[in-house]
Structures are given as C-alpha cells and as structure tokens.
2 protein chains.
Amino acid sequence: MPSRPKQPSRSKPAVKARSTATPSAAKAKRRPTINDIARMSGVSKKTVSRIINDSPVVNEETRAKVKRIIAETGYVPDPQARGLAFRKSFLIAMIYDNPSPEYIVSMQKGILSAIEGTSFQLVVRPCDRTKPTFLSDMRSFVERQRLFGVLLPPSVSEDEGLVKVLRELNCDYVRIASVSLDKPEVMLVTNDHIGGYEAGQHLAEQGHKIIAHVSGLKSFRSVHERRRGFARALAENGIDLPEKLVLEGAYTFESGLACGEKLLAMKPRPTAVFAGNDEMAAGIYRAARNHGLEIPRDLSVVGYDDNPTSLRLWPPLTTIRIPTENNARMAATMLIKKAPVPHDDTLPSLVVRESTAKPAKS
Amino acid sequence: MPSRPKQPSRSKPAVKARSTATPSAAKAKRRPTINDIARMSGVSKKTVSRIINDSPVVNEETRAKVKRIIAETGYVPDPQARGLAFRKSFLIAMIYDNPSPEYIVSMQKGILSAIEGTSFQLVVRPCDRTKPTFLSDMRSFVERQRLFGVLLPPSVSEDEGLVKVLRELNCDYVRIASVSLDKPEVMLVTNDHIGGYEAGQHLAEQGHKIIAHVSGLKSFRSVHERRRGFARALAENGIDLPEKLVLEGAYTFESGLACGEKLLAMKPRPTAVFAGNDEMAAGIYRAARNHGLEIPRDLSVVGYDDNPTSLRLWPPLTTIRIPTENNARMAATMLIKKAPVPHDDTLPSLVVRESTAKPAKS
DNA sequence: CTGAAAGCGCTTACAG
DNA sequence: CTGAAAGCGCTTACAG
C-alpha cells in the first residue's frame with residue numbers, strides 16, 4: 001500500500017520515487033562518492049584515488065585522515081566506474097567444460113573463498129571446446145566484459161588456442177592442469193601421476209597380480225598422468241600392466257559400466273581395477289553386480305576424485321582424494337596476486353575405504 | 001622470448017607494450033565505440049544510443065543504416081560504461097544457500113541458458129542465512145555491484161528480510177519456492193505438494209499400509225509442502241499417516257541414515273518410506289543394509305530430486321523428478337522480461353525405478 | 001525525429 | 001607529496 005500519496009503534490013513534481021522503494025526508506029540516502037570523500041577530507045579526489053589504490057606516494061597523515069573518513073562514511077568505490085577508468089573490470093570468470101557438478105561447485109567455492117573481501121566477483125562461463133565458434137565466443141566474452149582474469153580448470157586449461165586468445169587480449173589467467181603447461185606463475189599443477197601411483201601402490205600392496213585400469217578419454221592430459229603413475233607403481237612391484245587390461249572410458253557412469261562388463265568377462269578375470277574417476281567406478285560396481293560378483297571379495301575397486309557418491313555406494317569406495325577447493329583457492333589467489341603462491345595441500349591422496357581387499361585364493 | 005628488444009629505442013620511449021601481448025598482435029585494434037559508430041553513420045551518439053536501447057522514436061531509415069554499420073564493425077556497447085550511466089550493472093546474481101552441488105549446477109545452467117545472447121552475466125553468491133551479518137552483507141553486495149537483479153532459490157527465497165532489503169535497494173528479484181510467497185511476476189512456484197502427492201499415490205497403489213515419511217528440516221517450506229501432498233494422497237487411499245511415522249531429518253545422507261535406523265527398529269515395521277530428498281533416501285538404503293533388509297522386497301523407498309546418485313544406487317531409486325534447470329530458466333526469463341512467463345514444464349513428476357514394489361506378504 | 005551539453009564515478013597523464 | 005584537466009564509453013535531461 002505504499003502507493004497512496006501522503007501529501008498533496010506541490011507545483012513542481014516531487015522527486016520521482018523509485019518504484020519499489022519502501023515508504024520507510026523515505027529518501028534513499030545517496031551513497032558517498034569519491035568527490036564526497038575528497039570534500040570532507042579537504043583533499044583532491046586524485047589523492048583519495050591514490051589512497052584507494054594503495055599508492056605509496058601519499059603523506060601518512062593525509063592517508064590516515066582520509067582513511068578515517070572513508071571508514072566513517074562507509075565509502076566503497078564503485079567497481080563499474082573504476083572498471084571503466086581502468087579499462088578492466090573486477091570480474092573473474094571461471095571458464096569450464098568439466099561436466100561434474102561436484103567439481104564445478106568445489107571450484108567455485110575455492111575461488112569464492114579467495115576473492116572474499118576483495119572487489120572481485122565470480123562470473124561463471126561454461127563452454128564447449130568442440131563448438132566451431134568456441135574461440136571467437138571466448139574472445140568476445142573476454143573482450144566485452146574486460147575481464148580482470150580467468151581461471152581455467154581441466155580440460156579447457158589444456159586448450160592452447162584459448163590461451164593464445166587470452167594472451168592476445170591481455171587477459172590474465174591461471175591454468176589448473178594435471179601437468180605443467182605454462183609458466184609457473186600461471187600454473188597450478190595437480191600432479192595426477194601421484195594419485196595414479198598411490199592407487200597402484202595400494203592395489204599392489206594388497207597382493208593383486210592381475211590389475212586392470214579403466215581410463216578416461218585419452219585426449220585428456222589427466223588420463224595419461226593417472227595411468228603413468230599407476231603403471232609406475234605396478235612396475236615397481238613387478239606387476240605388468242598389459243595393453244589389453246587398459247580400457248578407455250569417458251569419465252561417465254555408462255562408460256564405466258561398459259568397460260567393467262568387458263573386464264569381468266575376461267579370463268583370467270582381473271582381481272582389481274583402478275577406475276580413472278569415481279563415476280566410472282560406480283559403473284564398475286554395477287557391472288560387478290550384473291556378473292554376480294561381490295566387491296571387494298571378488299573384485300577390488302579404486303576410484304579417483306572422492307566425490308559424494310563414493311560414500312553412498314556400497315561398499316564405500318576406496319578412492320583418490322583431490323583437494324579441488326583448495327586448488328581453486330590457490331589458483332584464484334595466484335591470479336589476483338599475479339605470482340605463484342606457496343601451496344602444499346594440493347596433492348592427491350589415497351582414501352582407503354571398503355572396496356579394496358586382498359584377492360581371493362584361487 | 002618476445003622480451004628481446006627488436007629495435008634500438010628511440011629518443012622518446014616507445015608506447016608501452018602490454019606485457020603479455022603477442023608480437024603478432026602488433027597493434028591491438030581498438031574496439032569501436034559509440035563515437036565511432038556515430039561518426040561513421042553521420043548521426044549523433046545519442047541517436048546511436050537510442051538504437052542500442054531499442055527506442056521507438058527513430059526514423060526507420062536512420063535505424064537501418066546505423067544497424068548496418070554496427071553489424072559491419074562488430075560494435076558492441078561496453079557494459080561497464082552503460083552500467084555506469086544507467087546506474088545499474090548487467091549482472092544477475094544467484095544468491096543461494098542450498099548446499100547440493102547438483103541443484104546449484106542445474107540452477108546455473110538454467111539461468112545461463114536464459115541469459116545467453118543477452119548482455120547479462122551470471123555472478124554466483126553463496127550465503128549463510130544464519131550468519132548475523134547476513135542481511136548487511138547482502139545489502140552491500142547488491143548495492144555495490146548495482147545488480148540488475150537477483151535470483152533466489154530455496155531456502156533463501158523464503159527469507160522475507162532479504163526480500164525487504166532488495167525492495168529497499170530497488171533491486172529486481174525472482175523467488176523460486178515450493179509455494180507462492182509474493183506477487184506472481186516475481187514468483188516461480190515449484191508446487192512441491194504435487195511431488196509429495198505423487199509419491200504417496202504411488203506407494204498406496206503398490207498396496208502399502210504402513211508408510212513412513214522422513215522429512216527435511218521443518219523450517220523449510222518445501223518440507224511442509226511435500227508432506228502435505230503426501231498425506232493427502234495417503235488419506236485419499238484410506239491410509240493414516242500418524243505422527244510417529246513422520247521423522248524430521250535434515251536433507252542429508254547422515255540424517256537419512258539415522259531416521260532410517262529408527263524407522264526400521266519399529267514394530268510393526270513400515271513397509272515403505274518416502275524420503276524428503278534423494279540424499280536421505282541413500283541414507284535409508286544404508287540403514288536397510290545395516291538391518292539386513294533388501295530393497296524393495298522388505299522396504300520400498302521413494303526419494304525426491306532425481307539427482308545423479310539416485311541412478312548409481314542399487315536398486316535404482318524411484319523418485320520425484322524436479323525440473324530445476326527449466327525452473328531456473330523460467331525464473332531468469334521472468335527477471336529479464338519483468339513479467340510472468342508461461343510455463344508448463346515446471347511440475348514435479350514421479351520416476352518409477354526399482355526401489356518400490358508391493359509389500360511382502362506378512 | 002534528432003542533437004549538444006552535462007554527468008555517471010572513477011583513473012591517467014601531466015604539472016608543479 | 002598533491003591537484004586541475006581530460007577522459008573512460010555510455011545515458012539522462014532538456015531543447016528544438
């Protein structure tokens with residue numbers, strides 16, 4: 001009912017009320033601008049600007065006074081105006097093609113925690129690298145938004161064409177990938193070979209001899225890295241990983257199921273399998289069920305990711321945990337600071353649950 | 001190695017090269033501005049502005065000519081400059097507190113598909129309604145970014161305090177909720193009572209008589225709506241839903257497990273249970289396993305959401321599918337068009353899989 | 001139907 | 001160490 005006029009209108013029409021303003025917010029108090037701060041501080045707006053941007057060449061007394069007034073008024077510079085003058089927005093985009101909701105959300109959480117309290121905002125931008133217009137779409141997106149920078153998780157982080165476009169547009173980026181593909185200050189390496197190694201080591205320690213691997217699409221770098229580490233662990237334990245025991249899946253449940261079916265029809269049957277991710281491990285669970293096999297008694301399974309589903313499955317899945325959120329936080333911090341950030345907590349690690357055991361006596 | 005100087009420096013320092021510019025992009029061609037278009041078209045920038053903003057008061061010939069030049073040059077107005085002049089950005093924020101990755105990603109997909117091809121971008125903003133600074137955080141976020149609008153999925157959509165702040169700041173919004181809480185043009189109602197009804201009807205049709213319900217936290221509207229529809233279906237089939245067969249969970253796996261344990265210890269034991277979401281249904285699966293019970297032979301289970309895990313479980317879960325992505329697309333379209341959008345495809349619907357069957361003869 | 005002027009809230013480039 | 005002027009690329013308010 002805020003629409004009933006409270007006073008007879010004056011000769012000159014009243015200031016146009018904002019349509020949805022509540023009556024209580026009688027006259028929405030205008031936010032202070034840099035000019036207000038300058039006037040209140042008795043300095044020029046340029047000096048206020050210097051203080052906003054942490055310029056060192058400001059008298060400490062002046063700085064203190066202006067900062068006090070900024071704090072008192074609650075002044076915050078307008079990101080759009082700054083962006084326009086800087087020719088660069090305060091937007092950071094996450095450009096991604098990984099379809100996993102858990103992965104996407106973990107990434108976003110990490111980025112958000114890194115930019116919390118800064119002027120940056122996170123814009124999300126899914127993409128399809130196979131689309132013919134992929135590069136031109138990305139170019140116009142980055143250019144129009146005058147992005148401050150972009151974060152590139154796999155597999156789009158492996159796209160050299162995209163990276164070339166970003167360099168041309170002078171748009172900062174940080175790539176997250178299983179192996180180093182760029183200068184250290186723009187790379188966050190997830191070292192997937194270590195995860196693969198841990199999986200192989202665990203299975204070898206259990207005493208398995210016939211061990212299979214269901215990989216993702218071989219066009220992804222992570223797939224090679226995981227397999228490489230896995231094979232190395234087996235080799236160190238004197239176990240062979242023949243080609244026919246390595247099946248190429250596609251990081252999906254369905255592909256895991258299909259590869260699992262093939263594997264379990266083999267003679268001799270593998271007693272253990274390392275799935276390239278948890279989704280495919282879930283598919284292998286289904287295949288085992290279809291074959292009347294029990295996990296881990298008849299088949300040990302190791303996944304990769306440690307996604308929530310891995311705990312919902314029965315038995316709970318032994319898997320490789322990747323600190324996605326932490327990696328994303330590090331990468332975003334690198335982007336903002338424009339420098340490598342010391343990080344320890346970014347290595348994949350084995351989580352032993354109940355899907356692995358010694359092989360049955362045969 | 002682009003850093004090696006190619007020519008002796010001249011007396012006056014050369015134009016500062018952008019640090020990451022590739023040598024090939026010798027002189028990055030400046031993007032055309034509204035001034036360029038005005039000059040090339042022989043009109044004022046105000047007229048170009050009118051055309052950009054689809055003003056009707058432009059001579060058709062003029063409009064055609066300018067549009068042609070815009071197309072030829074590939075001119076796109078700068079969103080930051082427009083935003084500054086409009087005092088409103090082209091950013092749409094999704095403010096959310098629902099923790100489910102699948103839900104978050106489905107929402108984002110729907111919103112992104114609605115804003116594709118527009119000047120809008122999606123900014124993500126998780127929140128915590130229980131934080132004391134929640135409202136003031138939201139206020140400064142919306143105010144600083146001069147948000148075009150926000151999308152509010154449950155349960156933050158139920159927060160009247162937030163909505164009041166948005167109204168005060170003159171920030172458009174659309175709320176997605178299980179039941180109508182606002183004017184139709186800012187509400188997308190998901191009608192959860194229909195989903196609950198479908199679940200109840202299905203279980204009743206199977207012939208169950210002792211049917212339980214594990215709900216989410218009662219502070220959520222969806223919880224009441226789902227229960228209400230469920231109870232109505234049972235009533236229509238002459239089945240009672242006593243208080244003691246309704247347990248309050250928290251939409252988590254763990255709470256589903258705990259409630260499942262309680263339910264399965266009851267005598268007589270319920271032969272069917274409707275879980276308020278799939279996560280809790282997965283917890284009930286685990287409880288059934290702990291009790292040596294088989295689904296659906298000993299216990300029928302219906303979930304809600306139809307998330308990916310529901311297909312990974314064994315047996316695959318009968319559940320209520322909610323068209324989250326479509327709902328989000330509708331809501332975003334409403335926000336942009338500032339009007340209700342005709343939508344049919346937004347009702348929850350039953351998906352029958354293998355977790356429900358007739359009760360065993362007792 | 002069209003345009004010149006002023007302004008959105010900042011920063012850069014240049015002086016002093 | 002500080003500031004006046006010009007400009008970022010648009011739109012509003014006002015004329016004509």
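H4(A) makes the largest contribution to the surface near DNA strand C, supplying five residues. This is a predicted model, and the account below moves from the DNA surfaces to the pairing of the two protein chains and then to the inside of chain A.

**The surfaces near the DNA**

Around DNA strand C there are 24 residues, of which A:Ile34, A:Ser49, A:Ala85, B:Ser44 and B:Asn59 come nearest. Both protein chains take part in this surface, since helix H2 (45-52) and helix H4 (79-86) of chain A, together with helix H2 (45-52) and helix H4 (79-86) of chain B, each provide at least two of its residues. DNA strand D is likewise surrounded by 24 residues, and those that come nearest to it are A:Ser44, A:Asn59, B:Ile34, B:Ser49 and B:Ala85. Here too H2 and H4 of chain A and H2 and H4 of chain B each give at least two residues to the surface, but the most, five residues, come from H4(B). The table sets out the two surfaces by residue class.

| Surface | Nonpolar | Polar | Charged |
|---|---|---|---|
| near DNA strand C | twelve residues | seven residues | five residues |
| near DNA strand D | twelve residues | seven residues | five residues |

**How the two chains are related**

Two copies of a chain are related by a rotation about an axis and a shift along it. In this model, chain B is superposed on chain A by a rotation of 180° with 0.0 Å of shift along the axis, and the RMSD is 0.0 Å. That is the relation of a two-fold axis. Among the residues of chain B, the one whose C-alpha comes closest to the rotation axis is B:Val123, at 2.3 Å.

The contact between the chains takes 38 residues from chain B and 38 residues from chain A. On the side of chain B that touches chain A, at least two residues each are supplied by H4, helix H5 (101-115), strand S2 (121-126), helix H6 (134-145), helix H7 (160-168), helix H11 (278-290) and helix H12 (309-312) of chain B. H5(B) has the largest share of this side, with six residues. By class, the side of chain B that touches chain A consists of 18 nonpolar, ten polar and ten charged residues. The copies meet through the same surface, because 100% of the interface residues of chain B are also interface residues in chain A.

**Inside chain A**

Chain A is divided into domain 1 (34-77), domain 2 (85-190 + 326-337) and domain 3 (192-321). Between domain 2 and domain 3 of chain A, the C-alpha centres lie 30 Å apart, and the contact takes eight residues from domain 2 of chain A and seven residues from domain 3 of chain A. The side of domain 2 of chain A that touches domain 3 of chain A has three nonpolar, three polar and two charged residues.

How do the axes of H2(A) and helix H3 (residues 60-73) of chain A cross? They come within 10 Å and cross at roughly 85°, and H2(A) and H3(A) are therefore roughly perpendicular to each other. In this contact, A:Thr47, A:Val48 and A:Ile51 of H2(A) meet A:Thr62, A:Arg63, A:Val66 and A:Lys67 of H3(A). The contact of H2(A) with H3(A) divides by class into three nonpolar, two polar and two charged residues.

Definitions and conventions. Residues are numbered from 1 along each chain as its sequence is written. Chains are lettered from A and ligands numbered from 1 in the order in which they are written. This is a predicted model: local features need pLDDT of at least 70, side-chain atom pairs count only at pLDDT 80 or more; totals for chains, interfaces and linings use all residues. A residue is near a molecule or strand if its C-beta atom, placed from the backbone, lies within 6 Å of it. Helices (H or I, at least four residues) and strands (E, at least two) are DSSP runs, numbered from the N terminus. Ala, Val, Leu, Ile, Met, Phe, Trp, Tyr, Cys and Pro count as nonpolar, Asp, Glu, Lys and Arg as charged, and the others, Gly among them, as polar. Domain bounds come from an automatic or database domain assignment. Two residues are in contact if their C-beta atoms, placed from the backbone, lie within 7 Å. Copies are superposed by least squares on the C-alpha atoms of residues with pLDDT of at least 70 in both. Axes are lines fitted to C-alpha atoms, for helices over the stretch in contact, and angles run from 0 to 180 degrees between N-to-C directions. Angles under 35 degrees count as roughly parallel, over 145 as roughly antiparallel, 65 to 115 as roughly perpendicular and the rest as oblique.
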